[in-house]
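Reader: I've got a model open and I'd like to learn how to read it. Can you walk me through some features?

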Amino acid sequence: MTNPHPPNANERSLAPGQRLASTKKTAMSESAVAEIRLLASRYPDKLAATLPALYIAQSDMGFVSLSAMQEVARALDVPPNHVYGVATFYTMFRKSPVGRFHVEVCTNICCALRGGVKIFERLRERLGVRPGEVSPDGMWSLAEVECLGSCGTGPCLQVNYDVYDELLDDAGLDAVIEACKSGRVAEWGSPALRG
Amino acid sequence: MTQNSNIRTKPDKHRYTFEGFGSEKHPNFLLRGAGDLNNWPLRVYEGTHEGYQALRKALQMAPGDVIGEVKASGLRGRGGAGFLTGLKWSFLPQDTPDKKYTRYLAANADEGEPGTFKDRAILEYNPHQLIEGMIIAAWAMQCRKGFIYFRGEFKWLIDKLDAAIKEARDAGYLGQNILGSGLDFDLDTYRGAGAYVCGEETALLNSLEGRRGEPRQKPPFPAVKGAYGQPTNVNNVETLANVPVIMRIGASAYASIGVKNNSGTRLFGISGHVKNPGLFELPMGTPLRYLVETIGGGTLSGLPVKAIIPGGASAPILTPDNLDTPMDFDSLHSAGSEGGSGGVIVMDESTCMVQAALRAMRFFAHESCGQCTPCREGCHWAEMILSRIEYGQGRRGDLELLESLVSRIMGHTLCPLGDAACWPLESIIKKFRREFEAHIEQGKCPAHSESVLVSA
Ligand SMILES: Cc1cc2nc3c(=O)[nH]c(=O)nc-3n(C[C@H](O)[C@H](O)[C@H](O)COP(=O)(O)O)c2cc1C
Ligand code: FES
């Protein structure tokens, strides 16, 4: 079957045959390990700490690399295979590096009806990155995401964990980009975004 | 854990009111103070919204009587399926002299269904109403512990709920021997990480246990074997937020709102091509037309309405001749659609239905958990076929191929995600078949030179 638009491998959590990105940072900080160990006692079963621990590892190590998964397995003392399985299931665990401002645009149906796809295309031009890439200066990365739960005020987007659910138009988009540039948006991996 | 700095201070642009909202005809039970970011603390909830009075009343009653009251109110689950809440609560096994259970309660705050943005309003403005509802539910079912499972993107709301839970604990509403009733109950928040399927209750339980969010085979149902292998009840946030209302005004008063077998009010989110999108609380059974034309103000472009999805992206599509359908579970079902999650998506005449079908299918193909073959392969194939139709490479027989896929997915999957993907597709093909055929015959999209709804 000819498919004119095969899904972009970069937009999938992990495409078949794709390797997990590696990183120079292979160890988690002591404080993050301690935080994870503390978490484990909060749940009826330490396995339940896997998702929160991956969030901590993600902000500590920049993204969820193979080493990050191994570090989580070590800190929680659970099988590494369990952590690989979980980390690759969920899209919010980034398996490849992201920019200081990771911009996620909702292009699902309600936002698309109000111009979400245009916003996404425009951002691709403005930021000069394609989905799955990081801009050369390390500032930006971009992704198309599914419904963010702001359909009534779409199109909407999220920068790191900050939501812009405000009927975005071009002027609004400029304001978001400006806010990032002038340091008014928490950067990826900053402590405020932990856990 | 709690960092107050992450609690939202940025104004929220959602619309929550309309003319006459808050009157006897259009009571406001779930959106009190919505839009005012200072509405959430315990002080306001107790001071101006009769907060935790319903809990005091419930704790005076026997747990079984609380379940009876919820049954009598006729409350149906707001998460999608519309199952009777009181009945669901009665499925949890009770302790016997030789067998004691640890029962759990989970609130479903995954809110992933496209078109749905209702639970977030309760969480943002009335978090204590959910907490109070959960404590009453815990009393009724004698649960030991409750979890609120959030979608990962709702980070700021998790911080808010953590703060609200702390307030409730400090005030003695959570913890040991709550208000002298003998009930020990506490709450915790849990953050998902971006998977629509985790809204399905058994997938939610897997995720809550720190696993991949794959739905479980049923039976056993969560009421028998849920979180950590223990009996668990899962309810939607809005369902639980209705519980204090029922306790406060009484089951019969609650049952008198709405229509037969569909009592109370419901949160409807209206989005898409309407002039005034927003979230509105309306009695069950309000005609769709009132929502689209009176409150929504018709279409933004002034073009006629072409199609309406009345219950979130997985509900079958309706056309303008269905505008007089009452918005309740049974009437929408009779009209060939579903009440679903209450997200109403409006499309005007300019919309290309092939694009709409493709965008919806792309979503389901992306969100399929991959466990069962009909859903994993079927949704992906459907996406590819729709994609070639939209981009001018459709073939004769593609529509029949899609229909044969639909019949092979529907009813053959482990969880309802496969069905959810098929409902909109099947109904769009049925109602807009000409448009699909025109794409195939002309070898292009007749309406648009570029895709407005799908990125390349
Ligand atoms: C694929 C799928 C996604 C779902 N997503 C949600 C959701 O985001 N929120 C929700 O409350 N229920 C969702 N549900 C419904 C739940 O499985 C469940 O029926 C509901 O939480 C029960 O609560 P209720 O009885 O209060 O309606 C989903 C179901 C399916 C099959
Ligand atoms: S469709 Fe974009 S937020 Fe729901």
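Reader: Let's start on the outside. Which residues make the nonpolar surface patch of about 340 Å²?

Author: Keep in mind that this is a predicted model. The patch is built from Phe83(B), Leu84(B), Leu87(B) and Phe91(B). Take Leu84(B), which sits in the loop between helix H3 (63–73) and helix H4 (85–89) of chain B.

Reader: Is Leu84(B) buried, partly exposed or exposed?

Author: The idea is to look at relative accessible area: under 20% is buried, over 50% is exposed, and partly exposed is in between. Leu84(B) has 38% relative accessibility, so it counts as partly exposed. Now look at Arg78(B), also found in the loop between H3 and H4 of chain B. Its relative accessibility is 0%, so Arg78(B) counts as buried.

Reader: What does the side chain of Arg78(B) reach?

Author: It reaches the backbone oxygen of Thr265(B) at 2.8 Å. A polar atom of the Arg78(B) side chain also lies 2.9 Å from the backbone oxygen of Arg76(B).

Reader: On to salt bridges. How many are there over all chains?

Author: You look for a side-chain nitrogen of Lys or Arg within 4 Å of a carboxyl oxygen of Asp or Glu. By that rule the count is 44 over all chains. One of them pairs Asp188(B) with Arg42(A), with the closest N and O atoms 2.5 Å apart.

Reader: Why does that pair join two chains?

Author: Asp188(B) is in strand E3 (residues 186–191) of chain B, while Arg42(A) is in the loop between helix H1 (30–40) and helix H2 (50–61) of chain A, so the bridge runs from chain to chain. Asp188(B) is buried, at 9% relative accessible area, whereas Arg42(A) is partly exposed at 28%.

Reader: And which residues are near ligand 1?

Author: For a shell like this, you list residues with a heavy atom within 4 Å of the ligand. Here 18 residues surround ligand 1, and the closest are Gly79(B), Asn108(B), Asn235(B), Asn236(B) and Thr239(B). The shell divides into four nonpolar, eight polar and six charged residues. Strand E4 (residues 232–236) of chain B gives the most, with three residues.

Reader: Which atoms lie 2.6 Å apart at Asn236(B)?

Author: An N or O atom in the Asn236(B) side chain and an oxygen atom of ligand 1. A polar side-chain atom of Lys88(B) is 2.9 Å from a ligand 1 oxygen, and for Glu201(B) a backbone N or O atom lies 3.1 Å from one. As for cover, the protein hides 90% of the 620 Å² of accessible area that ligand 1 has on its own.

Key:
Residues are numbered from 1 along each chain as its sequence is written. Chains are lettered from A and ligands numbered from 1 in the order in which they are written. This is a predicted model: local features need pLDDT of at least 70, side-chain atom pairs count only at pLDDT 80 or more; totals for chains, interfaces and linings use all residues. Side-chain values use heavy atoms; hydrogens and water are left out. A polar contact is a pair of N or O atoms within 3.5 Å; within protein, one must be able to donate a hydrogen and the other to accept it, and residues adjacent in sequence count only if both atoms are side-chain atoms. Accessible areas come from the Shrake-Rupley method with a 1.4 Å probe; for residues, only the protein chains shown count as cover. Helices (H or I, at least four residues) and strands (E, at least two) are DSSP runs, numbered from the N terminus. Ala, Val, Leu, Ile, Met, Phe, Trp, Tyr, Cys and Pro count as nonpolar, Asp, Glu, Lys and Arg as charged, and the others, Gly among them, as polar. Patches are made of residues with over 30% relative accessible area and no salt bridge: like charges are joined within 9 Å, nonpolar side chains (Val, Leu, Ile, Met, Phe, Trp, Tyr) within 5 Å. Buried means under 20% relative accessible area, exposed over 50%, partly exposed in between (1.4 Å probe, protein chains only).
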